[in-house]
Amino acid sequence: MEKAHDPKDLDLTASGRGVWLVKVPKYLSEKWSNTRGGSELGRLKISRPKFVGAKQEVLFTLPEATVAGDSIPRDHKFAITKIGNQNLSVLSETGTNTEDSTTTVAITGKVIQRAECRPIAGDRYMELKKKALEMSNKPQMEVKVLDKAVVNYKPKANHAFNREWDLKKKEEGKRSRTDKDKVLEMLYNAFEKHQYYNVKDLVTITKQPITWLKEILKEICNYNMRAPHKNMWELKPEYRHYTAKEDDT
Amino acid sequence: MASQQAAATAGSSSNPPAQEFIVRLGRETKSDKFSVLKFAENLKVDFTKTSNVKLERQNNFREFKQANDMEAMPKFGAGSEYGREQKDEARRRKYGIIRKKYNPDAQPWLLKNGSGKTAKKYKGSREGGISDNASYYIFTQCPDGAFEAHPVDEWYNFTPIIKYKYLDADEAEEAFNKRDKTLNYFNIMLKKRLKDDDGADEADEEEKKMKGKGKKSDFCLTDLDDGVPLSGDDLDMDDSDDEGAPKSKDKKKKIKARKNAKHTADDEAVEESDEGDFDEREVDYMTSGSSSDEDDLKEEDKKKYDETGVVDEDGLRKLNESDESEEEEEEKDKDNDEDNEKDESEKGEKKSDKKASDTESSGSSSDSESEPESGFAKALFMQNRKKKSGGSKESSRSNTPVPSADNEDKKGKKRKAGRDSPVTKKARPSTPTPTSTVATSAITTAATTVPSKISTTPTPSDGISEEAVRRYLMRKPMTVVDLVKKFKSKNPGLNNDDMGKAIVQILKKVNPEKSKHQGKLYLSLKAT
């Protein structure tokens, strides 16, 4: 986590490169998000202005394959706009979301032109809009008439997780009292890692019957009855391996 | 650039009408991200010209922990609990709380341009909502002429991190109001000089106006609040009664003149007048009037004290004498009234008499109540005395019953009560019934009663009297310091030692109830 906050040197080698910032309609970006990297998205036709001072015309045409089954307009026009008084740079991060955290950051360019990819209105586009409208007007929930009752919970004699648990218990068998020294060693081991333990946890750790464990605990431990570590056992000060300064209870 | 290149290639070939380019999807993997960094143009951030740029994510983990109640418990060793985190998580799940994990990649960017002290820092916060209805792609041109499209994942808006203190909205507003105002010190001095002259005039005016004024102080609910006698008001009342309209007109004119003077002074003033400038002036006028009122009253008092030298017994006696004599006069007036109503100047008094007769019954009842309670009687007596201290001057001036009668006009009820009250009776045990009293006899009796009065009021000239102390204590519990302050505010010219002594003496005599509250000794008196 701390590594993520380390300052990284920004790679500025490509910062002078001019790039276009293109606004693309959602239906196109949805299409493109599923395509593989490196595949062709379309063709850009840039025509020279007919006379001096006229705006150049940029047309964008999708390949037949992408348009095939869908009602997506094939031809788009790029409306080119200036960037105004904004200073837009493009930052690329490579290697994010990876565990080794070798993220590198670089400025890959400066936006020199903005373009808006607009569909040229036609039958296909109208169809697309019509579908979109229908989709948005469709109610999210509908009333249905049922012929017979739907059973979505079937009674069961014994659930799988119950059976599992029983099996496990049987394997373990009854907890038997082991030698006191061994139990003490286990307890000391446990208390080396943490200061406070619940009895239940100690039972699972030492695998001793609870009465036996409590007998031993009473000898070497204190029982906390009050707030910060309520109902928890901690070693008596004389058995601790750390200084007693933390003992604020 | 791409278009330029296209044009160039078009130019190099046999000038076809259009140039066609293939657009490919970028070959980046899922772990690559493109984002657009937005800087304001005026920041002049140019990555091509700088070399040392560092980028990092802002570390908000601590804030995140605080916001999410994640206490910093040790995971191992001393103070740690076994299985604490799991248990907490399980409990949260039980209650349906799903906590967001801290995502360092969702934190703002911090960009540092340059190094050392000259480094400029920017903070880039993520902008949402841009790609809600549309997507953005970056089109870059490859060496082979084809375009590569890369989807833009995030937008970041970079703003400079400001360390110095800047004005907030309110301060900016204030500063905005002050703009375009230049100070011309010459004009300031001129204004000051003009004001000084004006001030001198004003003082005169105020003195005159004082007479016409005083209606304002009619709004006083109780005269207990001021140690200063209110006689001035009463006098003025009759003045205005006498002269009526012309006087008030005069006053208005004066006010106008004064305002004009101020205006002219302001015309040469340094600042352009703004809206709201005159509000202040209005307030100024009001307060100056009232304060000068008080000042005048005090001055009057001082004068009076100078004349009589009340500090010594003699002066007091005189004062009392004048009191008594006035009372006599009043009584005489009343007699006259009852006998004949031919004197025009006593019309006001007649009115008062009517009032008095209206309230006679209540007064008499209060009399019967107050008979045994010497405190109340004393208070009444004090009032009488106070009123007289104003009236005495009046009487000495005009020696006519008119002012006192008008005095009565205002305080008719109290007067009446005072006259019939046991106080006067006590004060003049030997006097016969009021109707038949003669001024001379009153004077003599007054003279005899003087010593006793003095004993009750050790330093009447200071305004520190047993009565006053009683009054204050009866009103609410006070500390000694409060008392001293009260008297100090009434008599600013006194030194603390004398006042302190006087107050202590009085307190000994009054013997108020003492109670401790928050470490302070409060004195109080039960209303008798």
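**Exercise 1. Pairing around β2(B)**

Which residue of β9(B) does Leu37(B) stand opposite? Place the answer among the pairings of β2(B), bearing in mind that the model is predicted.

*Solution.*
Step 1. Leu37(B) stands opposite Tyr156(B) in β9(B).
Step 2. That contact point belongs to a pairing inside chain B: β2(B) and strand β9, residues 154-160, run in the parallel sense over five bridges.
Step 3. β2(B) also pairs with strand β6 of chain A, residues 86-94, in the antiparallel sense over eight bridges. Here Lys38(B) in β2(B) has Leu88(A) opposite.
Step 4. Six of the eight residues of β2(B) are buried, so the strand is largely enclosed by the rest of the structure.

**Exercise 2. A further strand pair between the chains**

Find which strand of chain A pairs with β1(B), and name one residue pair that stands opposite.

*Solution.*
Step 1. The strand is β3 of chain A, residues 40-47, which pairs with β1(B) in the antiparallel sense over seven bridges.
Step 2. In this pairing, Glu40(A) stands opposite Arg24(B) of β1(B).

**Exercise 3. The contact between the chains**

Describe the side of chain B that touches chain A by residue count, elements and class.

*Solution.*
Step 1. Chain B contributes 61 residues, in contact with 66 residues of chain A.
Step 2. The elements of chain B that give two or more residues to this side are helix α1 (2-12) and the strands β1 (18-25), β2 (33-40), β3 (53-57), β4 (77-81), β7 (134-141) and β8 (147-151).
Step 3. By class, this side has 33 nonpolar, 15 polar and 13 charged residues.
Step 4. For the complex, the predictor gives an ipTM of 0.74 and a pTM of 0.48.

**Exercise 4. The nonpolar cores**

Which residues have the most contacts inside the largest nonpolar core, and which strand of chain A gives the most to it?

*Solution.*
Step 1. This core has 39 residues, and those with the most contacts inside it are Val22(A), Leu44(A), Val90(A), Cys117(A), Ile138(B) and Phe139(B).
Step 2. Strand β2 of chain A, residues 18-25, gives the most, with five residues.
Step 3. Take Val90(A) as an example. Beyond four places in sequence, Val90(A) touches Val19(A), Ile107(A), Thr108(A), Gly109(A) and Val111(A) in chain A, and Phe34(B), Val36(B) and Ile138(B) in chain B.
Step 4. A second, separate core has 13 residues, including Ala468(B), Val469(B), Ile503(B) and Leu523(B).

**Exercise 5. Two residues of chain A that touch chain B**

Is Asn87(A) buried or exposed? Treat Asp201(A) in the same manner, and list the contacts of both beyond four places in sequence.

*Solution.*
Step 1. Asn87(A) is in strand β6 of chain A.
Step 2. Asn87(A) has 20 other C-beta atoms within 10 Å, and therefore counts as buried, the cut-off being 20 or more.
Step 3. Its contacts are Phe39(B), Ala40(B), Glu41(B) and Val45(B).
Step 4. Within chain A, Asn87(A) and Lys110(A) are 23 residues apart in sequence and 8.0 Å apart in space, C-alpha to C-alpha.
Step 5. Asp201(A) lies in helix α6, residues 199-206, of chain A. Asp201(A) has 18 C-beta neighbours inside 10 Å, so it counts as partly exposed.
Step 6. The contacts of Asp201(A) are Tyr82(B) and Gly83(B).

**Exercise 6. Positive phi in loops**

Where are Asn231(A) and Lys44(B), and what is the phi of each?

*Solution.*
Step 1. Most residues other than glycine have a negative phi.
Step 2. Asn231(A) has a positive phi of about 60°. Asn231(A) is in the loop between β9 (221-224) and β10 (232-235) of chain A, and with 12 C-beta neighbours inside 10 Å it counts as exposed.
Step 3. Lys44(B) has a positive phi of about 55°. Lys44(B) is in the loop between β2 and β3 of chain B, and counts as exposed with 10 C-beta neighbours inside 10 Å.

**Exercise 7. Confidence in chain B**

State the mean pLDDT of chain B and locate two stretches where pLDDT stays under 50.

*Solution.*
Step 1. The mean pLDDT of chain B is 64, and 45% of its residues reach 70 or more.
Step 2. One stretch is residues 261-270, for which the model has 16 contacts beyond four places in sequence.
Step 3. Another is residues 386-461, with 155 such contacts in the model.

Methods:
Residues numbered from 1 in each chain as written. Chains lettered and ligands numbered in written order. Predicted model: local features only at pLDDT ≥ 70, side-chain atom pairs only at ≥ 80, totals over all residues. Core = buried A, V, L, I, M, F, W, Y, C linked by C-beta atoms within 7 Å. Helix = DSSP H or I, 4+ residues; strand = E, 2+ residues; numbered from the N terminus. Contact = placed C-beta atoms within 7 Å. Nonpolar A, V, L, I, M, F, W, Y, C, P; charged D, E, K, R; others polar. Pairing = 2+ DSSP bridges. pLDDT = per-residue confidence, 0-100.
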